[in-house]
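Hi,

Here is the structure I promised to send over. Have a look at it first, and my notes on the ligands follow below.

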Amino acid sequence: MEKLIITAALTGAEVTRENQPNLPLTPLEIADEAYACYKAGASIVHIHARDTEGKPTQDKEVYRAIKEAIALKCNIIFQPSTGGAVWHGPDERLQPVDLKPEMATLSCGTCNFGDDVFMNSEAFIEKFASRMLEMGVKPEIEVFERGMIENAKKLVKKGLVKEPLHVDFVLGVPGACPGTPEDLMYMVNQIPKNWTWTVAGIGRSELPLAVMAIILGGHVRVGFEDNVYYEKGVLASSNAQLVERIVRIAKEMGREIASPDEARQILGL
Ligand code: KMH
Ligand code: ZN
């Protein structure tokens, strides 16, 4: 089996300090947290920027500050979000791709997102994919629902993304696909064998789906964007604490952990 790539999703767009007092918000806090996750064993950081008031922003200058602050500390792969928050428009969301990061997320369809709708029309998806292709950015295909896999396959047919794709199954978002083991198994069986995949289980599904991914040869995403708890009723002390647990479990199961450069090789960056 390939070594395990652990992504730390540090901040997200929805979580607040009220939900998680240790949420990193400023570029320097995010960079410190990225470094702690790197030392714990993460090889990718998935980043959402926040403005000076702590609100989600897709301003590329804030992403630039985060990218540069992280690069001063370690060689972890910087993966900005192009999903942003549900109220951000497509041009706003695309901004971090201008920084030519090695990777960026590419959500491949529309779904309910709690009380809101996360909007990704076919035209948006194609525009995002084309821009990433032009800038040499590897997309991580975000899949919240089954149909999004077919949308990604369409992008392949149209030559807008290069195979093998790397998919993130985001399972357990309220209003979208649940995060049960059966859901993950079904999703994994729908993608070609040469694609790579990771799983972001939301809330209580984070840990069981991560363990499944370790067993199945997939990769794992953890972090406050997806889950703020360490266990039922107990908040995690940091993103790194969630990474450390995955490292311990993977090692116990004989799965080695990928360094950032090994992750680059696995993902063809
Ligand atoms: N915040 C969600 C609406 C991504 O980062 O690409 C979208 C999201 C996906 O988090
Ligand atoms: Zn995200």
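Where does ligand 1 sit? Keep in mind that this is a predicted model. In it, ligand 1 occupies the largest pocket.

Around the ligand: there are 14 residues surrounding ligand 1, and the closest are Glu 14, Ser 81, Gly 84, Thr 105 and Glu 225. Sorted by class, that shell comprises seven polar, four nonpolar and three charged residues.

I then went through some polar contacts. Thr 105 has a polar side-chain atom 2.6 Å from an oxygen atom of ligand 1. With Gly 84 the backbone is involved: one of its polar backbone atoms is 2.7 Å from a nitrogen atom of the ligand. His 46 comes in through its side chain, where an N or O atom is 3.1 Å from an oxygen atom of ligand 1. As for burial, ligand 1 taken alone exposes 300 Å², and the protein buries 97% of that.

Now the metal. Which protein residues are donors of the zinc ion (ligand 2)? They are His 46 and His 48, each through NE2, and Glu 225 through OE, lying 2.1 Å from the zinc ion. So two names from above come back here: His 46, which contacts ligand 1 through its side chain, and Glu 225, listed among the residues closest to ligand 1.

Along the chain, the zinc donors follow the spacing H-x1-H-x176-E. His 48 and Glu 225 are 177 residues apart, so that pair links distant parts of the chain. His 48 is in the loop between β2 (44–47) and β3 (49–50), while Glu 225 is in the loop between β12 (219–222) and β13 (229–231).

Cheers

Terms used. Residues numbered from 1 in each chain as written. Chains lettered and ligands numbered in written order. Predicted model: local features only at pLDDT ≥ 70, side-chain atom pairs only at ≥ 80, totals over all residues. Heavy atoms only, no water. Near = heavy atom within 4 Å. Polar contact = N/O pair within 3.5 Å; in protein donor to acceptor, adjacent residues only side chain to side chain. Areas by Shrake-Rupley, 256 points an atom, 1.4 Å probe, with all protein chains shown as cover. 1 Å grid on protein atoms, 1.4 Å probe; cavity = no way out; pocket = protein on both sides within 12 Å on 5 of 7 lines; lining within 4 Å. Sits in = over half its atoms within 2 Å of the grid points. Nonpolar A, V, L, I, M, F, W, Y, C, P; charged D, E, K, R; others polar. Donors = N, O, S within 2.8 Å, 3.2 Å for Na, K, Ca; no water. Helix = DSSP H or I, 4+ residues; strand = E, 2+ residues; numbered from the N terminus.
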